[in-house]
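Welcome! Have a look at the chain below, turn it around at your own pace, and then try the exercises.

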Amino acid sequence: MRIPLERLTQSRKILNCTKDPQEAEGFLDKIASRTSLDSQEQALTAVNKILEEVKQSGDDALIRLTKQFDGFAPKPLQVNPKEIAQAWNETPKELQDSLFLAKTRIEEFHKNQFPKDFLTKGAHGEQLGRRWGPVNKAGIYIPGGRAAYPSTVLMNAIPALVAGVEEIIMVSPANQTGKLNKTVLAAAHVSGINKIFRIGGAQAIGALAYGTETIPRVDVISGPGNIYVTLAKKSVYGQVGIDSLAGPSEVLIIADNTAKVEQIAADLLAQAEHDPLAASILLTTDESLLTKVNYEIEKQLHNHPRSEICRKSLNDWGLIVICKDLETCAALSNRFAPEHLELLIANPLQLASKIKNAGAIFLGHWSPEATGDYLAGPNHTLPTSGTARFSSALGVETFMKSTSIINFTEEALIKTSNAIIQLANSEGLHSHANSVKLRISRTSSND
């Protein structure tokens, strides 16, 4: 297939930073901030109006807003459990097996995350500890729109189930006939979810946060969505817990001369096909990859069912950077803090030790991002837009909370009382100090 030269260079950014990586740093910073929530004033105004409507009018608001935005009136709001079971029964056996395999692997991995209670003994006989427990109710948001995401059902529901959450409420936007994707329902079935509501957008987040006549109020909301969903999660945080504020997806690939061109191109496209705002970045020490990768991308885009989305993503947010060595690649990656990081190099374990900021690291030529997206085991809900600098993947702890245990003995209070009183007085908190003095004075008088 002959590909026009202009297609290879039209607006995909290529930087040679073998002498100075600062230019690449600027581009990476721009990509990381491509959808800053701080600049979405108009969307936030709309979201807050929707949230207030749901808070005030409950189910009536949900029906009205769904009719307005999605083109159908969700009556009833809840998906019939028989429809969920039917979706599973109508799923082809091979896909059933795939869903079950993914569910098993994700569940086994997340069982290893379960936090442990502990109780220690202090110097004066006091007991100090931490006790973990699940939240009572969790809400999971499963996006619709450009594609169906049964994997997102598994990745959100299973950690909550492993955590021991008693009730999981799933919300997801339906199509204009009021139907949810059958594979999404099948994934809910294999996960044990039977309470599903046909609503999406900011109104669904409001329903989970405040509760309505039909939808119970939850304690934690997880799951990705569009800008309206994300802003709604941001607005209700504090009244309910959330997993994160997810931005558009991204992959950063570090490749050397051992990487196969067709694999690099496929992995970049695997990210680009998600969304026009998805970012696909290649950092490489092999300058010969430049033309080869762009050529291979065009080759794989031929008759690609999502070629328009891929081109928009790559042209706006695609970047190829030539670096002098792998250490420079690692430093640039740490600055960007990618959601997904692939190390398509000869010795990925060695370079992985230099990676400080990444949502997930995929080591070597046999670990494409798709393994993590579907069934490797670790969660695919990862920090985006540079937030891997300070946050982590969704996990069992997302649906749990801990309680501190403090059990002082008489001796422990006596021995530490002066320090407590001194600290309380330094803050001007008289009754804090007095609460200790009273106990110590009674002990002294009893003696």
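Four short exercises with worked solutions follow.

This is a predicted model, in which local features need pLDDT of at least 70 and side-chain atom pairs count only at pLDDT 80 or more, while totals for chains, interfaces and linings use all residues. Residues are numbered from 1 along each chain as its sequence is written, and side-chain values use heavy atoms, with hydrogens and water left out.

**Exercise 1. Describe the chain as a whole.**

Step 1: Start with the secondary structure, which comes to 18 helices and 14 strands. Here helices (H or I, at least four residues) and strands (E, at least two) are DSSP runs, numbered from the N terminus.

Step 2: Add the extent: the C-alpha trace spans about 95 × 60 × 45 Å along its principal axes.

Step 3: Finish with burial. Of the 447 residues, 47% count as buried; buried means under 20% relative accessible area, exposed over 50%, and partly exposed in between (1.4 Å probe, protein chains only).

**Exercise 2. Find out which residues of helix α8 are buried, and what they pack against.**

Step 1: Locate α8 at residues 182-191; 7 of its 10 residues are buried, so the helix is mostly covered.

Step 2: Name the buried ones: V184, L185, A186, A187, A188, V190 and S191.

Step 3: Look at their partners. These buried residues pack against α5 (81-89), α6 (93-111), α7 (150-163), β5 (167-171) and β6 (196-197), where contact means heavy atoms within 4.5 Å.

**Exercise 3. Work out how helices α2 and α14 cross.**

Step 1: Recall that two packed helices are described by the angle between their axes and the distance between the axes.

Step 2: Take the axes of α2 (residues 22-32) and α14 (residues 326-336), which come within 9 Å and cross at roughly 30 degrees. Axes are lines fitted to C-alpha atoms, for helices over the stretch in contact, and angles run from 0 to 180 degrees between N-to-C directions.

Step 3: Classify the angle: α2 is roughly parallel to α14, because angles under 35 degrees count as roughly parallel.

Step 4: List the contact residues: A24, E25, L28, D29, I31 and A32 of α2, with L332, R335 and F336 of α14.

**Exercise 4. Explain why C329 is not bonded to C323.**

Step 1: Use the rule that a disulfide is a pair of cysteine sulfur atoms within 2.5 Å.

Step 2: The C329 sulfur lies 3.8 Å from the closest cysteine sulfur, in C323, so the two are too far apart for a bond.

Step 3: By this rule, the count comes to 0 disulfides.

Step 4: As for its surroundings, C329 counts as buried because its relative accessibility is 0%.

Definitions and conventions:
Angles under 35 degrees count as roughly parallel, over 145 as roughly antiparallel, 65 to 115 as roughly perpendicular and the rest as oblique.
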